[in-house]
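Student: I'd like a close look at one part of this model, the salt bridges, and then whatever else helps me place them. Could you talk me through it in one go?

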Amino acid sequence: MAAAGFYRPDGTEPNAVSQSATTGTASAQLGRSRGSLGDKLFAGAATTSGVLVLVLLGAIIVSLFIGAWPAFRAFGLAFVTTADWDPVQNVFGAAVSVYGTIITSVTALLLAVPLAFGIAFYLTEIAPPLVRRPIGTAIELLAAVPSIIYGMWGFFVIVPFMADYVQPHVIDAFDGVPVLQDVFAGPPFGTGLFTAALILAVMVIPFIAATMRDVFMTVPAVYKESAYGVGCTTWEVMRSVVFPYTRASVVGGVMLGLGRALGETMAVTFVIGNSNRISGNLFGSGNTIASLVALEFGESEAGSLKLSSLLALGFILFVISFIVLAISRLLLRQVKA
Amino acid sequence: MSATTMSGFPARDLRVAGQLSRSRKRRNRVAKVLCVVATIIALGFLASIIFTLLRLGIGGLSLTVFTTVTKPAGGNGGLLNPIAGSLIQTAIGALIGTPVGILVGTYLAEYARGSLLGNAVRFVSDVLLSAPSILIGLFVYALLVNGRGYSGIAGSLSLAVIVIPIVVRTTEDMLRLIPISLREAAVALGAPKWKAIVLICYRAALDGIATGVLLAVARIAGETAPLLFTSLGNDNWSLSLDKPMSSLPLAIYKYAGSPADDWVQLAWVGAMLITFGVLTLNIIARVALRPRR
């Protein structure tokens, strides 16, 4: 196999081996005569831009923290555990919106992950080759629809649908069932935590499905063919070969979806009901960090404790999503490399 | 060996084997059907969104939408200033973000392969790619708006911050696909490294880089949350970058929640325009400029 490379007419194989040495010395020698200044400028510009990205991240953290400092100083760590959001008494806390953010995002993942897995499985193993691309592109278009459009669609289509067909029946169905009757309870207005989670699920499905599809593609064909060769069905190949091989990256894709769901703003603002209370049931209204910031921002004076509290919420959201996205990247990098 | 055991199976074992085989096949069929259903559900969501936009948006489409500025409810206004504002802020955002993104992508692909700084830049850029856009808005607010007032340029800059990681990702991916032999050929002709990158690699990766830029434009054209804290929105005709500036997503946000019927109608028209614009850009980027592999 290696020998075949040496006889290839374009000779890419042997050259590729020595490329770093060749380019390095050649450009160094030529550089002194003509391109030296241009090379230095270009390398400098590229490196500076790279560093700029790091500075950008640092600036986001620092500026949010500085803006949030008055709130952190006034409330201390209790800011995270306080459930009040009272502009009249000037008492602010993040507990309700952090709760809403986590509940909606996790519920969204519970809805989105099975669907995304099914789509990825369909696109890699089941679909006829001819329709794979169009259907894959259509799923990706779902990710391109702007957040605010999801909000309007959710508010004008999904909310009435939930109020008329889903919530009353679900509440009836679980009536008398322990635990579940409390989870699926609340006013059947159509809005609320569950509707927000449903919209979020639709929004993150394309991200999770696309990541899963890409990592499923990395499974060497030999592994799958071996399994088919001993008589496995498509599903058994998926469950016993493809999934174990890609498990870490699949989790990475799910975390990527979680990171997206945590910070979604406009879509959630339209459908969550926007009330600042912790609702134990999924049909009750609530808010998320992002929806609270978007709604309250316009009514906050510059320099007020309220504005600082909103920036503090932003800082908390940044920390949560940074951790989630960082884990996602680390898990996804293992397969890419 | 297998031939003798096969014939030696008692009837009961053969029956069990038959049941097992049938149940495995049934399970396989159920799994496949569920996957098809999952795909149909997702496609159904997309169809529902497009259908809803057409159903509620197309009725309000008229020339006045493009020729009249926003007016108070009932005033027969249009969307001229939001459309102009969106075009301006999206264009400036893309013009600022694209060169930076391409340079960072170049740094990652051509200069920083394997280096510690390069890995850190790639990691941070990938995290920023998925970071909540509302935080970008808060960041630009804290940096530029607080104390100075809302402005179109602040909105444009927040969009530029969103553009950068998208362009970085595609630029780096595309440059990595360029064969080493192209770079060597350029260097062999005496070109310095920067010329090899700019004249040879960029040209070879042009389709892919253009795809990234188009996707970035499509993404920021529909962004609402970051503009909320930076350019605020403006009901009057204004093209100056140091004043609050209108934009389609902000107008949609304001109108969709209003009780006035004509405002809600305008919101649907705006939503339809922006969604079909964004989807068209995406289709062009994904189909027409598809990288050849």
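Tutor: What follows starts with the charged pairs and then moves on to helices, loops and surface. Keep in mind that this is a predicted model.

Let's begin with the overall count. Over all chains, the structure holds 15 salt bridges. As background, side chains of opposite charge can pair when their charged atoms come close. I'll take three of these pairs in turn, two in chain A and then one in chain B.

In chain A, R213(A) pairs with D214(A), and their closest N and O atoms are 3.6 Å apart. How do the two ends sit, buried or exposed? R213(A) has a relative accessible area of 15%, and because the cut-off for buried is under 20%, R213(A) counts as buried. D214(A), with 44%, is partly exposed.

Next comes K306(A), which forms a salt bridge with E296(A); here the closest N and O atoms are 3.0 Å apart. K306(A) belongs to helix 15 (residues 305-336) of chain A and E296(A) to helix 14 (residues 289-296) of chain A, so this pair ties together parts that are 10 residues apart in sequence. Both ends are tucked away by the accessibility criterion: K306(A) is buried at 9% relative accessibility, and E296(A) is buried at 16%.

The loop between helix 14 and helix 15 of chain A is where you'll find S304(A). S304(A) is partly exposed, with a relative accessible area of 22%. For a contact map, S304(A) gives you a long-range entry: from C-alpha to C-alpha, S304(A) and A71(A) are 9.4 Å apart in space, with their positions 233 residues apart in sequence.

On the other side of helix 14 in the sequence, N274(A) sits in the loop between helix 13 (266-271) and helix 14 of chain A. Most residues other than glycine have a negative phi. N274(A) has a positive phi of about 50 degrees although it is not a glycine. Its relative accessible area is 30%, so N274(A) is partly exposed.

One more spot in chain A: A173(A) lies in helix 8 (residues 147-173) of that chain. A173(A) is exposed, with a relative accessible area of 54%. The C-alpha atoms of A173(A) and F184(A) are separated by 9.4 Å, and these residues are 11 apart along the chain.

Now for chain B, where R169(B) forms a salt bridge with E172(B), the closest N and O atoms being 2.7 Å apart. Both residues lie in helix 7 of chain B, three residues apart, which is about one turn of the helix. An α-helix has 3.6 residues a turn, so residues three or four places apart point the same way. R169(B) and E172(B) are both buried. This pair also has company: salt bridges with shared partners join R122(B), D126(B), R169(B), E172(B), D173(B) and R176(B) into one network.

Helix 7 (residues 152-177) of chain B has a packing partner too, helix 4 (residues 80-111) of chain B; their axes come within 5 Å and cross at roughly 35 degrees. The crossing is right-handed. Sorted by class, the residues of this contact are 17 nonpolar, 12 polar and three charged.

Just before helix 7 in the sequence, helix 6 (residues 133-145) of chain B has 10 of its 13 residues buried, so helix 6 is largely enclosed by the rest of the structure. Among those buried residues are I134(B), L135(B), I136(B), L138(B), F139(B) and V140(B). Just after helix 6 of chain B, G147(B) takes a positive phi of about 90 degrees.

A positive phi also turns up at L232(B), near 65 degrees, in a residue other than glycine. L232(B) is in the loop between helix 11 (225-228) and helix 12 (248-256) of chain B. With a relative accessible area of 41%, L232(B) is partly exposed.

Finally, the surface of chain B. Which residues form a nonpolar patch there? L54(B), I58(B), L61(B), L63(B) and F66(B) do, with about 460 Å² of accessible area together. One of these, L54(B), is found in helix 2 (residues 11-57) of chain B, and L54(B) is partly exposed, with a relative accessible area of 35%.

Key. Residues are numbered from 1 along each chain as its sequence is written. Chains are lettered from A and ligands numbered from 1 in the order in which they are written. This is a predicted model: local features need pLDDT of at least 70, side-chain atom pairs count only at pLDDT 80 or more; totals for chains, interfaces and linings use all residues. Side-chain values use heavy atoms; hydrogens and water are left out. Patches are made of residues with over 30% relative accessible area and no salt bridge: like charges are joined within 9 Å, nonpolar side chains (Val, Leu, Ile, Met, Phe, Trp, Tyr) within 5 Å. Accessible areas come from the Shrake-Rupley method with a 1.4 Å probe; for residues, only the protein chains shown count as cover. A salt bridge is a side-chain nitrogen of Lys or Arg within 4 Å of a carboxyl oxygen of Asp or Glu. Helices (H or I, at least four residues) and strands (E, at least two) are DSSP runs, numbered from the N terminus. Buried means under 20% relative accessible area, exposed over 50%, partly exposed in between (1.4 Å probe, protein chains only). Axes are lines fitted to C-alpha atoms, for helices over the stretch in contact, and angles run from 0 to 180 degrees between N-to-C directions. A crossing is left-handed if the near helix is turned anticlockwise from the far one by less than a right angle, and right-handed if clockwise. Ala, Val, Leu, Ile, Met, Phe, Trp, Tyr, Cys and Pro count as nonpolar, Asp, Glu, Lys and Arg as charged, and the others, Gly among them, as polar.
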